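User: I am a first-year student and would like a close look at a single part of this protein. Please take one helix and work outward from there to what surrounds it.

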Amino acid sequence: MKKVAIVGAGIIGATATYYLSKEADIEVTVFDNGNGQATKAAAGIISPWFSKRRNKAWYKMARLGADFYVDLLTDLEKSGQKIDFYQRSGVFLLKKDDSKLDELYDLALQRREESPLIGELAILDQRSASELFPGLKGFERLLYASGGARVDGQLLVSRLLEASQVKVVKKEVSLTPLSSGYQIDDQIFDQVILSTGAWLGNILEPLGYEVDVRPQKGQLRDYQVPQDMGAFPVVMPEGEWDLIPFSGGKLSLGATHENDMGFDLTVDENLLRQMAEVASPFYPSLKEAVVSGERVGIRAYTSDFSPFFGQVPDLSNVYAASGLGSSGLTTGPNIGYHLAQMLQGRSGVLDPADYPTERYIKKKQS
C-alpha cells in the first residue's frame with residue numbers, strides 16, 4: 001500500500017484526493033489548516049474562451065479546464081455524489097466600448113471549433129438580455145455565451161472530499177525529507193502533493209527553497225433576493241463586480257483583487273460598499289437586496305501570472321502546484337487530476353513542461 005499525503009484541501013488538493021482515493025493500492029491522508037483558502041471563498045465563473053491573454057499555455061490550461069468539468073461531473077455522479085455546485089446557465093460579457101463585443105464574438109466563433117462547450121453565441125440588446133436576466137440595465141449591447149458556467153467553490157470541495165471518504169487532518173504541518181520517504185505530522189509518506197496555494201513558501205522555504213508565489217486578497221459579498229436566480233446568466237463586466245446568481249435567491253458580488261494586503265483576512269466594508277455602488281446602476285435591485293454574508297480568501301499569483309505544477313526540484317516524489325490566480329476554479333480541477341496521474345506514472349493532456357515548477361521553485365544560493 002502506497003501512502004500519499006496531500007497538504008492543502010483546496011480545489012487542486014480535493015480533486016487529487018478524489019482521484020487517488022479511487023485507487024485500491026493508495027492510502028491518502030489530507031492535511032489542511034482551514035485558514036484563508038481561496039476555493040472556500042470563491043464563487044467561480046467558467047468562461048475562459050474570451051481571454052485575450054497571449055500566453056498560449058495558460059489558455060490551453062484554461063480551455064481544457066473548462067472541458068474537464070464534463071468528466072468530473074460524470075465521475076462524481078457515478079460515485080453517487082451530488083453535482084449541485086455547477087450550473088451551465090450562460091454568461092454575459094459587458095464592455096465599456098461595446099465595439100469590442102464584435103471582436104470577442106469573432107474570437108469566440110473561432111475558438112468554438114475546438115471548444116464546442118461555448119455553446120450558443122449572440123450579441124444581445126438590453127431588451128433581449130433582460131429576458132434572461134430581468135432587471136439588468138446600463139448597457140446597449142452585451143455578448144452572450146450559453147455554455148458559460150458558475151461554480152460554488154466551497155460546495156465543490158465538500159462534494160469531492162465527501163466522495164473521497166478521506167479524513168482531513170486540520171492542522172498546519174511541515175515537511176521533513178527522510179532517507180526513504182517524507183515525514184509529516186509523525187507519519188511517513190511515500191509521495192506528497194503540496195497544494196497550499198499562496199502558502200507554498202511556508203512549507204518549502206524551511207527546506208532551502210525560494211518560491212515565486214505571492215498572495216492576493218479577494219473579497220465577495222453574498223446577497224439574498226426575492227426571486228430564484230438559478231437560470232440567470234453570470235454577468236462579467238470590465239472591473240471586479242461580477243454578478244454571480246444562484247438558485248434559491250442567492251446572488252454573489254465580487255471579487256476584489258487586492259495585491260498589497262498579504263494574508264489579511266479581514267472584511268473591508270468600504271471596499272465592498274464601493275463595489276456595490278459601481279454594480280448598482282447595472283442591477284438596481286441590488287440596493288434592496290439583503291446582505292447575507294461575506295467571504296474572504298487568498299489567491300496565489302506568480303510574478304508572471306502563470307500557474308505551474310509538477311515535481312518539486314530535487315525532491316523526488318514531492319509534487320506541487322500553485323499560481324492559479326483568479327482562474328483557480330477553472331484550471332484547478334484539471335491540475336489536481338493531472339497531479340494524481342503523475343503520482344502513478346501516467347500522463348494527461350497537459351504537458352508539465354509547459355508549466356515548469358523549476359521556474360518558480362528554486363534552491364536558495366548558499
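Analyst: What follows starts from helix 2 and moves outward to the core, the domains and a few loops. The model is a predicted one.

Helix 2 covers residues 56-78, which makes 23 residues. How far apart should its ends be? At 1.5 Å a residue the helix should span 33 Å, and its end C-alpha atoms are 33 Å apart, so the expected span and the model agree. Helix 2 also has a bend of about 30°, placed at Asp-67.

Now take the two ends of this helix. At the N-terminal end, Asn-55 acts as a cap: one of its side-chain oxygens lies 3.1 Å from the backbone nitrogen of Ala-57. Just after the helix comes Gly-80, with a positive phi of about 80°.

Before the helix, the chain passes through a loop that begins after strand 3 (43-46), and Ser-47 is found in this loop. Is Ser-47 buried or exposed? Its relative accessible area is 9%, and buried means under 20%, so Ser-47 counts as buried. Setting aside residues up to four places away in sequence, Ser-47 touches Val-91 and Met-236.

Next comes the core. In soluble globular proteins, nonpolar side chains tend to be buried together. Here the largest nonpolar core has 67 residues, and the members that touch the most others are Leu-20, Phe-50, Tyr-69, Leu-72, Phe-309 and Leu-339. Helix 2 gives this core its largest share, eleven residues. The core also draws at least three residues from each of domain 1 and domain 2.

Phe-50 is one of those core members. Beyond its neighbours within four places in sequence, Phe-50 is in contact with Val-91, Leu-93, Leu-104, Leu-107, Ala-108, Arg-111, Leu-121, Leu-143 and Ala-145. Val-91 is thus a contact of Phe-50 and also of Ser-47.

There is a second, separate core of 27 residues, and among its members are Val-7, Val-169, Tyr-182 and Ile-361.

The domains put these pieces on a wider map. Domain 1 is given as 2-40 + 154-214 + 304-363, and domain 2 as 88-149 + 216-298. The C-alpha centres of the two domains lie 30 Å apart.

Leu-20, named above as a core member, is also one of the buried residues of helix 1. Helix 1 (residues 11-21) is mostly covered, with ten of its eleven residues buried. Besides Leu-20, the buried residues of this helix include Ile-11, Ile-12, Tyr-18 and Tyr-19.

A polar residue can be covered as well, as Asp-222 shows: its relative accessible area is 9%, which makes it buried. Asp-222 sits in strand 15 (residues 214-224). Its side chain makes a polar contact of 3.0 Å with the side chain of Arg-295. Its contacts, apart from neighbours within four places in sequence, include Lys-250, Leu-251, Ser-252 and Val-290.

Farther along the chain, the peptide bond from Gly-254 to Ala-255 is cis, with omega near 15°. Ala-255 lies in the loop between strand 18 (250-254) and helix 7 (269-279).

Another loop to look at joins strand 11 (182-184) to strand 12 (187-189), and Asp-185 lies there. Asp-185 has 27% relative accessibility and therefore counts as partly exposed. Its side chain and that of Lys-171 are joined by a polar contact of 2.8 Å. Apart from neighbours within four places in sequence, Asp-185 is in contact with Phe-31, Val-169, Lys-171 and Val-173. Val-169 was met above as a member of the second core. How far is Asp-185 from Lys-96, C-alpha to C-alpha? The two are 52 Å apart in space and 89 residues apart in sequence.

Asp-186 is in the loop between strand 11 and strand 12 too. At 70% relative accessibility, Asp-186 counts as exposed, because the cut-off for that is over 50%. Its phi is positive, about 65°, although Asp-186 is not a glycine.

A positive phi in a residue other than glycine also turns up at Asn-317, where the value is near 70°. Asn-317 lies in the loop between strand 20 (308-311) and strand 21 (318-322). With 28% relative accessibility, Asn-317 counts as partly exposed.

Terms used:
Residues are numbered from 1 along each chain as its sequence is written. Side-chain values use heavy atoms; hydrogens and water are left out. Helices (H or I, at least four residues) and strands (E, at least two) are DSSP runs, numbered from the N terminus. The expected span of a helix is 1.5 Å times one less than its number of residues. The bend at a residue is the angle between axes fitted to the seven residues ending there and the seven starting there. A polar contact is a pair of N or O atoms within 3.5 Å; within protein, one must be able to donate a hydrogen and the other to accept it, and residues adjacent in sequence count only if both atoms are side-chain atoms. Buried means under 20% relative accessible area, exposed over 50%, partly exposed in between (1.4 Å probe, protein chains only). Contact means heavy atoms within 4.5 Å. A nonpolar core is a set of buried Ala, Val, Leu, Ile, Met, Phe, Trp, Tyr and Cys residues joined through side-chain atoms within 4.5 Å. Domain bounds come from an automatic or database domain assignment.
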